[in-house]
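Welcome! Please have a look at the sequence and the structure shown here, and then read on for a short guided tour.

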Amino acid sequence: WKRRHNGVYPTTIYLQVDGGSENANKWVLHHCEHLVAKRICRTLVYTRLPTGHTHDDIDACFAIVWNYFGKLNTIDTFSQFKSGIESAFGQEM
């Protein structure tokens, strides 16, 4: 991120997590606090989704990726993956 944005981190990070206890524990909260304490960001907005929520928004995005990569046999490099993601969403925009 920093390299692509003139050496500057974002001032606010938004972290939205599932409602499970694995996402709301002292280690996750410590990491959030660490990002602010080390001035990686000024503000970190941490939200937990309620129990029983749906995953419709992320499922819709994942379906685009799944449909695009489902046509390919292999992805051998990160560069191929990145280019595939850009192509997949480029087709949708």
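## Arginine 39 and asparagine 6

Arginine 39 is exposed, because its relative accessible area of 73% is over the 50% cut-off. You will find arginine 39 in the loop between helix 1 and strand 2. Please keep in mind that this is a predicted model, so every value here is computed from predicted atoms. The backbone of arginine 39 deserves a look too: its phi is near 60°, a positive value in a residue other than glycine.

Asparagine 6 also has a positive phi, near 55°, and is likewise not a glycine. For context, most residues other than glycine have a negative phi. Asparagine 6 belongs to the segment before strand 1, and with a relative accessible area of 77% it counts as exposed.

## Strands 1 and 2 with helix 1

How do strand 1 and strand 2 run, and how many bridges join them? Strand 1 (residues 12–17) and strand 2 (residues 43–48) are parallel, and six bridges join them. To follow one of these links, start at tyrosine 14: its bridge partner in strand 2 is valine 45.

Helix 1 completes the picture, since strand 1, helix 1 and strand 2 make a right-handed β-α-β unit. Helix 1 covers residues 26–37, and glutamate 33 lies in it. Glutamate 33 is exposed, at a relative accessible area of 56%. Along the chain, glutamate 33 and threonine 11 are 22 residues apart, and their C-alpha atoms are separated by 14 Å.

## The largest nonpolar core

Which residues make up the largest nonpolar core? There are five of them: Ile64, Val65, Tyr68, Phe69 and Ala88. Helix 2 (residues 56–69) gives the most to this core, with four residues.

Alanine 88 is in contact with Ile64 and Tyr68, once its neighbours within four places in sequence are left aside. Phenylalanine 69, another member of the core, has a relative accessible area of 13% and is therefore buried, the cut-off being under 20%.

## A cluster of rings

The structure has three aromatic pairs. In one of them, tyrosine 68 and phenylalanine 69 meet edge-to-face, with 5.4 Å from centre to centre and 85° between the planes. In another, the rings of phenylalanine 78 and phenylalanine 81 have centres 6.3 Å apart and planes at 40°, so this pair is tilted. Through ring pairs, Tyr68, Phe69, Phe78 and Phe81 are linked into a cluster.

Phenylalanine 78 and phenylalanine 81 both sit in helix 3 (residues 78–92); because they are three residues apart there, about one helical turn separates them. Is phenylalanine 78 buried or exposed? Phenylalanine 78 is exposed, with a relative accessible area of 62%. Phenylalanine 81, at 35%, is partly exposed.

## A salt bridge in helix 3

How many salt bridges does a search of the whole structure find? The search finds one. Lysine 82 forms a salt bridge with glutamate 86, and their closest N and O atoms are 3.0 Å apart.

Both lysine 82 and glutamate 86 lie in helix 3, four residues apart, which is about one turn of the helix. Lysine 82 counts as partly exposed at 43% relative accessibility, and glutamate 86 is partly exposed as well, with a relative accessible area of 48%.

Technical notes:
Residues numbered from 1 in each chain as written. Predicted model: local features only at pLDDT ≥ 70, side-chain atom pairs only at ≥ 80, totals over all residues. Heavy atoms only, no water. Core = buried A, V, L, I, M, F, W, Y, C linked by side-chain atoms within 4.5 Å. Buried < 20%, exposed > 50% of the residue type's maximum accessible area, 1.4 Å probe, protein only. Helix = DSSP H or I, 4+ residues; strand = E, 2+ residues; numbered from the N terminus. Contact = heavy atoms within 4.5 Å. Phe/Tyr/Trp six-rings, centres within 6.5 Å; stacked < 30°, edge-to-face > 60°. Salt bridge = Lys/Arg side-chain N within 4 Å of Asp/Glu carboxyl O. Pairing = 2+ DSSP bridges. Right-handed = clockwise from strand over helix to strand, strands pointing away.
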